[in-house]
Amino acid sequence: VLGTSFNVRALPEEAESEVYVVEGLVEFGDLKGSSLQLAANDLARLNRKTGTLNKFANQNPNSIAWFSQNLNFEDSPLDEVILALEKLHRAKIEVYPGLEGSCRFSGSFENQDLDSSLEVLAIVFNLEIDKLGEKSYLLKGEACE
């Protein structure tokens with residue numbers, strides 16, 4: 001680490017590890033000696049299966065949601081919103097086929113628990129929420145127009 005304020009995401013169930021730099025400078029590398037220097041707003045991903053290391057300019061405002069507990073969306077597809085909620089809350093959220101790509105959401109979730117966030121989506125899109133387990137949900141409803 002050559003600076004401060006960054007995020008590392010390396011969960012065993014995910015194929016990629018990633019580093020997002022908020023400010024400062026961070027060096028990110030693999031076990032073979034390849035590395036990248038990352039500055040503010042840079043994102044790097046390491047595919048643990050292939051060993052591929054890539055650097056990107058971060059375009060996702062929710063990259064540090066794990067820290068801020070805030071998610072912000074502007075005309076985002078529902079599947080993107082669901083994925084962000086799943087990652088933030090380490091949950092599994094299924095959506096009836098056809099629903100996820102047709103609905104778009106603008107709004108934010110600030111320090112909200114998962115049940116409250118899903119309730120907002122249910123109200124906005126007229127959905128039903130079935131709780132399948134501890135952190136497992138199914139969203140049902142009609143496709144958006």
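## A tour from strand E7 to the open sheet

Start by selecting Asp-75, which sits in strand E7, residues 70-77. Keep in mind that this is a predicted model. Check the backbone of Asp-75 first: phi is positive, about 50°, although the residue is not a glycine. Most residues other than glycine have a negative phi. Now turn on the surface. Is Asp-75 buried or partly exposed? Its relative accessibility is 44%, so Asp-75 counts as partly exposed, since buried would require under 20%.

**Helix H2**

Next, select residues 78-89, helix H2. The helix has 12 residues. From the first C-alpha to the last, H2 reaches 16 Å, close to the 16 Å expected at 1.5 Å a residue. Colour the buried positions. They are Leu-78, Val-81, Ile-82, Ala-84, Leu-85, Glu-86, Leu-88 and His-89.

**Glu-86**

Stay in H2 and pick Glu-86 from that buried set. Which side chain of opposite charge is nearest to Glu-86? The nearest is Lys-92, 4.0 Å away. Even so, Glu-86 has no salt bridge. Show the contacts of Glu-86 next, leaving out residues up to four places away in sequence. Three residues remain to display: Ala-91, Lys-92 and Ile-93.

**The loop after H2**

Move on to Arg-90, which follows H2. Where is Arg-90 placed? The residue lies in the loop between H2 and strand E8, residues 92-95. Check the backbone here too. Phi of Arg-90 is near 50°, a positive value in a residue other than glycine.

**The open sheet**

Now leave this region and select strands E1, E2, E5 and E6. In what order do these 4 strands form their open sheet? The order is E1-E2-E5-E6, and the pairing is antiparallel. The edges are E1, residues 6-9, and E6, residues 53-57. Each edge strand pairs on one side only. Look at the twist: neighbouring strands of this sheet are turned by 15° against each other on average, direction ignored.

Zoom in on strand E5, residues 42-47. How many bridges does the pairing of E5 and E6 run over? There are 5 bridges, in the antiparallel sense. Turn on backbone hydrogen bonds for this view; strands of a sheet pair through them. For the last stop, select Ala-44 and look straight across: Lys-55 in E6 stands opposite.

Technical notes. Residues numbered from 1 in each chain as written. Predicted model: local features only at pLDDT ≥ 70, side-chain atom pairs only at ≥ 80, totals over all residues. Heavy atoms only, no water. Pairing = 2+ DSSP bridges. Helix = DSSP H or I, 4+ residues; strand = E, 2+ residues; numbered from the N terminus. Axes fitted to C-alpha atoms, helices over the stretch in contact; angles between N-to-C directions. Buried < 20%, exposed > 50% of the residue type's maximum accessible area, 1.4 Å probe, protein only. Lys, Arg positive; Asp, Glu negative; His and termini not counted. Contact = heavy atoms within 4.5 Å. Expected span 1.5 Å × (residues − 1).
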